[in-house]
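The exercises below are meant to be worked with the sequence and the coordinates open side by side. Each gives a task and then a solution in steps.

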Amino acid sequence: MATHVLLLRGINVGKARQLPMAELRELMTGLGYGDVRTYLRTGNIVLSTSHGRTRLVSTVEEGIKGRFGMPVPVVLRSRAQLGRIVAANPLPHGVAEPSKLFVAVLDRPI
């Protein structure tokens with residue numbers, strides 16, 4: 001099983017787009033994923049699965065729409081991909097407070 005990070009877009013930013021993390025974890029576990037964790041109210045999910053990337057994204061998007069009644073785009077990155085992002089930080093010594101570091105992860109090249 002591989003570990004993946006799913007970044008949910010546009011949730012918990014307004015009253016109409018609320019998505020409770022406990023219910024999201026429950027949904028992911030119900031869909032058969034393992035080691036499900038969320039981070040605060042960000043909509044970032046870490047989980048383990050043997051599903052391929054395309055199947056994982058489509059299953060999660062369909063599951064969220066079915067359970068919460070709203071479409072939510074999902075951007076998927078593997079553990080290795082996120083490790084490369086961290087390693088490629090052009091300002092590694094300039095981040096005195098890592099909690100204030102901002103990284104934008106896009107779903108496709110611009």
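**Exercise 1. Determine whether leucine 40 is buried or exposed, and describe its setting and its backbone.**

Solution. Leucine 40 counts as exposed because its relative accessibility is 61%, where exposed means over 50% relative accessible area, buried under 20% and partly exposed in between, with a 1.4 Å probe and protein chains only. The next step is to place leucine 40 in the chain, and it falls in the loop between β2 and β3; helices (H or I, at least four residues) and strands (E, at least two) are DSSP runs numbered from the N terminus. Its phi is near 45 degrees, a positive value in a residue other than glycine. Most residues other than glycine have a negative phi.

Before going on, note that this is a predicted model, in which local features need pLDDT of at least 70 and side-chain atom pairs count only at pLDDT 80 or more, while totals for chains, interfaces and linings use all residues. Residues are numbered from 1 along each chain as its sequence is written, and side-chain values use heavy atoms, with hydrogens and water left out.

**Exercise 2. Carry out the same analysis for aspartate 35, whose phi is positive although it is not a glycine.**

Solution. Aspartate 35 has a phi of about 50 degrees. Its place is in strand β2, which covers residues 34-39. Aspartate 35 is exposed because its relative accessible area is 51%.

**Exercise 3. Identify the strands to which β1 is joined by bridges, and the direction of each pairing.**

Solution. Two strands pair if DSSP finds at least two bridges between them. β1 is joined to β3 by 6 bridges, and these two strands run antiparallel. With strand β4 (residues 74-78), β1 shares 5 bridges, again in an antiparallel arrangement. Leucine 6 can then be followed to either side: it stands opposite isoleucine 45 in β3, and its bridge partner in β4 is leucine 76. Valine 5 has arginine 77 as its bridge partner in β4.

To finish, consider how far these strands are covered. In β1, 5 of the 7 residues are buried, and in β4, 5 of 5 are buried. Both faces of β4 are covered, with Val74, Leu76 and Ser78 buried on one side and Val75 and Arg77 buried on the other.

**Exercise 4. Describe the largest nonpolar core and the elements that supply it.**

Solution. A nonpolar core is a set of buried Ala, Val, Leu, Ile, Met, Phe, Trp, Tyr and Cys residues joined through side-chain atoms within 4.5 Å. The largest has 21 residues, of which Leu19, Met28 and Ile64 touch the most other members. At least two residues of this core come from each of β1, α1 (21-30), β3, α2 (53-68) and β4, and α2 gives the most, with 5 residues. In soluble globular proteins, nonpolar side chains tend to be buried together.

Contacts, meaning heavy atoms within 4.5 Å, add detail. Not counting residues up to four places away in sequence, isoleucine 64 touches Leu8, Leu19, Leu24, Leu27, Met28, Gly69, Met70 and Val72.

**Exercise 5. Find where leucine 56 lies, whether it is buried or exposed, and what it contacts.**

Solution. Leucine 56 is found in helix α2 and counts as buried because its relative accessibility is 0%. Its contacts, leaving aside neighbours within four places in sequence, are His4, Leu6, Tyr33, Leu47, Thr49, His51 and Leu76. The C-alpha atoms of leucine 56 and valine 74 are separated by 9.6 Å, with the two residues 18 apart along the chain.

**Exercise 6. Characterise the largest pocket by its volume and its lining.**

Solution. A pocket is an open set of points on a 1 Å grid over the protein atoms alone, where a 1.4 Å probe fits, with protein on both sides within 12 Å along at least five of seven lines; lining residues have an atom within 4 Å of a point. The largest pocket holds about 1,100 Å³ of space, a volume being the space filled by probe spheres set on the points, which are joined across faces, edges and corners. Its lining comprises 28 residues, with Leu7, Asn44, Leu101, Val103 and Val105 nearest its centre. The elements giving two or more residues to this lining are β1 (2-8), β3 (44-49) and α3 (79-87).
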